[in-house]
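Here are a few notes for your review. Please keep the sequence and the coordinates open as you read.

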Amino acid sequence: MNRVELVGRLTAKPELRYTGSNVPFARFTVAVNRTFSGANGERETDFINCVTWRKQAENLCQYQDKGSLISVEGRIQTGSYDAQDGSKRYTTDVVADSIQFLGTRGSSQNTSDVTPYDYQDAPTNDVSVEEDPFADFGDSVSIDENFLD
């Protein structure tokens with residue numbers, strides 16, 4: 001299965017382009033915070049190259065800007081091309097099937113302290129055992145490996 005889900009911020013305003021047959025597309029990069037801190041105590045960030053097509057590309061370019069928080073669902077696609085110096089270059093992109101706009105316009109001002117995967121400060125649900133339908137499931141799940149074949 002080739003599926004990718006990302007939540008992060010646009011590193012630049014996406015630019016709408018067109019193929020030779022007039023199909024709109026946009027290439028963009030999403031900055032995604034890692035779920036753990038590095039040796040220096042700071043969170044590291046990955047910069048993921050993405051591409052989207054047609055109406056989704058038009059909407060992304062029209063409504064989102066640098067720093068906008070988005071969710072991207074898609075697949076990884078690899079490719080290669082010959083550079084001008086004759087060397088072979090390899091590419092890896094996420095081809096976006098779905099893009100969700102997670103912030104409102106103007107909400108991308110303070111981008112340095114957003115950690116989309118930091119659930120330590122998430123509010124806890126005050127659900128009693130009587131209301132919790134999964135309360136009797138216990139702490140662990142065992143999987144019969146023969147079932148997976």
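In which sense do strand β2 and strand β3 pair, and over how many bridges?

1. The model is predicted. Its strand β2, residues 15-18, pairs with strand β3, residues 24-37. The sense is antiparallel, and there are four bridges. To find your place in the pairing, start at R17: F25 in β3 stands opposite.

2. Next, the hairpin that β2 and β3 form. Five residues lie between the strands. One residue to check is N22, which sits in that loop. N22 has a positive phi of about 65°, yet N22 is not a glycine. Most residues other than glycine have a negative phi. The side of solvent access is clear: N22 has a relative accessible area of 57%, so it counts as exposed.

3. A positive phi also turns up at R54, at about 55°. R54 is not a glycine either. The setting is a helix: R54 belongs to α1, which spans residues 54-63. With a relative accessible area of 52%, R54 is exposed, because the cut-off for that class is over 50%.

4. Now the cysteines. How many disulfides does the model hold? The count is zero. A pair of cysteine sulfur atoms would have to lie within 2.5 Å to qualify. C50 is buried, at 1% relative accessibility. C61 is buried as well, at 11% relative accessibility. Both values fall in the buried class because its limit is under 20%.

Technical notes: Residues numbered from 1 in each chain as written. Predicted model: local features only at pLDDT ≥ 70, side-chain atom pairs only at ≥ 80, totals over all residues. Heavy atoms only, no water. Pairing = 2+ DSSP bridges. Helix = DSSP H or I, 4+ residues; strand = E, 2+ residues; numbered from the N terminus. Buried < 20%, exposed > 50% of the residue type's maximum accessible area, 1.4 Å probe, protein only.
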